[in-house]
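Student: I would like to go through this model term by term, asking each time what justifies the word that is used.

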Amino acid sequence: MLEAPHPPHPHLPHHPHPAPPPPAYPLYQSRPDAHRGAHFHHYHPQPGHLAPPPLPPHYQHHTHFHTYGGGAPVGGAAIGSKKKTWNFIHEKMSYDTFFTMKRLIERSQRPDEVLRWVTQNPAKVSHNHYPIALQKIGQLLQTTPPLRTRGDDADTEADFQTLCSAIISDCAKFDNFSIVNCLYAVAALGLPSDSQVVQVLEGESQSRLNQFNQKDVSMVFSSSMKLHPGSQHPLTEACLAGLEKNLERERHPQTLITPYTMALIAKYIARHRLRETRLLDTIADFLVKKAEYLDTKVIQKLVFPFSRMSYRPSSEQQFFSRLEEVVELKALSSPLATVNILMSLFQLGHFPGLVLHRVFSSAFINSPYALIVRRYLSLLDAAVELEYREYTGPRLQDAHKVLMFDHALTADEVNRKYSYKGLVAEALRQLVGEQNYKQDEVLAPGYYTDFLLWMDSSGRVLPIRTGAGLALSIVPSSCVAVTSKPADGPVTVVTWHYCHNSEVLVGSRAMRDRHLRLLGYFILQLPYHELEKLNGIEEVKQYLHKKLLDIPL
């Protein structure tokens with residue numbers, strides 16, 4: 001098996017498993033107030049297609065309601081919470097005027113109606129109305145995408161420009177609540193990160209970060225991650241540093257560390273493959289203490305970065321035993337989350353026998369999202385066969401087994417244009433002939449490969465036989481796998497198969513390589529920094545020839 005290397009390129013999303021339904025985090029209530037109820041943060045949209053300043057009619061807004069561990073919705077009002085001092089008091093706006101406008105915005109039926117209330121009544125609008133209006137627009141775009149004429153679109157665009165301009169010009173005068181909520185709302189609406197209203201809100205947030213409480217910082221962190229999904233933005237990094245300081249004080253009762261905050265941190269370090277062992281150990285300690293109170297979907301989010309970074313926490317014995325206990329009890333609450341957790345543990349080389357007894361069952365095979373669950377179960381069953389021979393419990397029946405992946409991952413497909421794969425393919429074609437290698441092959445139990453070659457004990461490349469080598473039981477020891485390795489030295493953006501600035505493979509790739517070696521494949525790596533020094537196809541052919549000769553058959 002031969003895989004072309006991937007040079008440094010912009011971050012692209014990558015997940016080692018089939019993409020499950022979109023994940024939903026509990027939605028954050030910045031400062032819950034009993035008199036306001038729960039009108040803020042009831043929505044948690046995916047990035048949309050809202051170009052600033054127009055509101056395109058095709059925009060789809062997504063709402064998620066979610067709770068942790070069966071608790072009350074996060075967006076709900078806190079009992080006994082201190083009432084917020086609204087800005088309208090300082091602006092000498094009457095109580096009735098403020099709440100009348102607030103009700104009018106919330107009762108609007110169309111986005112253009114919201115915009116008219118805000119833009120055509122400047123004397124009756126406070127800074128605190130802006131996030132309410134932005135949130136309401138998002139809700140309306142989700143539930144009733146408006147059908148408008150061309151003239152209406154122009155008016156709506158003009159009104160949206162007016163709203164954005166008001167936020168930009170008055171942003172420095174906003175209280176923290178309005179800054180945080182406006183940033184959250186524009187991120188939720190999908191405004192591009194280079195739009196002026198986003199940049200102004202981010203700049204103001206950055207300057208006030210030390211004034212924000214932890215919930216505000218968590219909310220800005222979430223907004224910044226949404227606005228800059230492929231980069232480590234300064235605001236995101238600053239929020240992470242602030243949250244990290246709070247984590248160090250977690251034992252103090254006055255500091256509240258929520259599962260939402262921990263999940264945000266876990267998501268960020270996993271996305272960017274940051275092998276930050278101190279943060280990971282903190283997440284592990286949090287899981288050990290709080291796992292019994294968490295929903296399995298939340299546990300899944302918190303466990304994922306450990307497998308992603310191939311990192312066993314310093315408290316690994318407690319970590320693994322606690323997870324086994326809790327996941328066994330909650331296994332059926334979300335079969336998809338449970339098999340995700342198991343996959344993470346397997347990638348770390350830990351095999352929780354107690355939970356395995358539960359998952360190879362009809363309750364999982366016939367669960368919601370059954371096809372995805374069966375893919376996980378098929379790969380888990382193959383891992384048991386290869387690495388956990390002492391297990392004697394239930395197994396997955398052959399009739400239910402499917403390939404984990406039957407084609408290239410989206411990330412792998414996109415990554416080709418950043419790689420030397422085309423050059424390697426042409427060199428191989430000239431070197432060994434098209435009939436002597438396979439490209440883009442999926443090997444059971446579902447591992448995608450770039451190239452596959454067969455060699456005999458003398459080092460001679462043999463013709464590929466149709467269907468040969470694809471079954472678990474008949475892969476011969478003469479199979480050769482050649483895989484990618486990132487550039488050594490200082491690289492700003494590295495390939496996603498390795499942790500950031502590290503030679504440690506991400507967990508999914510490490511488990512794949514383990515399994516392929518156990519199946520008899522030899523994995524040959526082609527470092528990117530070696531290929532980039534070669535000039536022309538002839539040098540690439542000579543390079544590959546030497547690599548193949550050096551394989552210890």
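**Reasoning from values to terms**

Tutor: Let us begin with Lys301, which lies in helix H12 (residues 296-308); please keep in mind throughout that the model is a predicted one.

Student: What makes Lys301 count as buried?

Tutor: The relative accessibility of Lys301 is 19%, and buried means under 20%, so Lys301 counts as buried. Its C-alpha atom is separated by 7.0 Å from that of Lys267, a residue 34 positions away along the chain.

Student: Which helix packs against H12, and at what angle?

Tutor: Helix H11 (residues 277-290) packs with H12 at an angle of about 145°, the two axes being 10 Å apart, and the crossing of H11 and H12 is left-handed. On the H11 side the contact is made by Leu280, Ile283, Ala284, Phe286 and Leu287, and on the H12 side by Ile299, Leu302, Val303, Pro305 and Phe306. By class, the contact of H11 with H12 has 10 nonpolar, no polar and no charged residues.

Student: Why is H3 called roughly antiparallel to H4?

Tutor: Helix H3 (residues 111-119) and helix H4 (residues 129-143) pack at an angle of about 165°, with 9 Å between their axes. Angles over 145 degrees count as roughly antiparallel, and therefore H3 is roughly antiparallel to H4. The crossing of H3 and H4 is right-handed.

Student: Which residues make that contact, and how do they divide by class?

Tutor: H3 contributes Pro111, Val114, Leu115 and Val118, while H4 contributes Tyr130, Ala133, Lys136, Ile137, Leu140 and Leu141. The residues of the contact of H3 with H4 divide into nine nonpolar, no polar and one charged; Lys counts as charged, so the charged residue here is Lys136 of H4.

Student: How do you know that Cys171 is not bonded to Cys182?

Tutor: A disulfide is a covalent bond between the sulfur atoms of two cysteines. The closest cysteine sulfur to that of Cys171 is in Cys182, at 7.6 Å, whereas the rule asks for sulfur atoms within 2.5 Å, so the separation is too far for a bond. By this rule the count comes to zero disulfides.

Student: Are Cys171 and Cys499 buried or exposed, and what is the basis for the word?

Tutor: Cys171 has a relative accessible area of 1%, and Cys499 likewise has 1%; since buried means under 20%, Cys171 is buried and Cys499 is buried. For the protein chain, 57% of its 553 residues count as buried.

Student: What is notable about the backbone of Tyr369 and Asp440, and why does each receive its exposure class?

Tutor: Tyr369, in the loop between helix H16 (362-365) and helix H17 (370-387), has a positive phi of about 60° although it is not a glycine. Asp440, placed in strand S1, also has a positive phi, near 55°, in a residue other than glycine. Partly exposed covers values between the 20% and 50% limits, so Tyr369, at 48% relative accessibility, counts as partly exposed, and Asp440, at 29%, counts as partly exposed too.

Student: Where in the chain is the cis peptide bond that involves Pro445?

Tutor: The peptide bond from Ala444 to Pro445 is cis, with omega near 10°, and Pro445 is in the loop between strand S1 (437-443) and strand S2 (447-455).

Terms used
Residues are numbered from 1 along each chain as its sequence is written. This is a predicted model: local features need pLDDT of at least 70, side-chain atom pairs count only at pLDDT 80 or more; totals for chains, interfaces and linings use all residues. Side-chain values use heavy atoms; hydrogens and water are left out. Axes are lines fitted to C-alpha atoms, for helices over the stretch in contact, and angles run from 0 to 180 degrees between N-to-C directions. Helices (H or I, at least four residues) and strands (E, at least two) are DSSP runs, numbered from the N terminus. Angles under 35 degrees count as roughly parallel, over 145 as roughly antiparallel, 65 to 115 as roughly perpendicular and the rest as oblique. A crossing is left-handed if the near helix is turned anticlockwise from the far one by less than a right angle, and right-handed if clockwise. Contact means heavy atoms within 4.5 Å. Buried means under 20% relative accessible area, exposed over 50%, partly exposed in between (1.4 Å probe, protein chains only).
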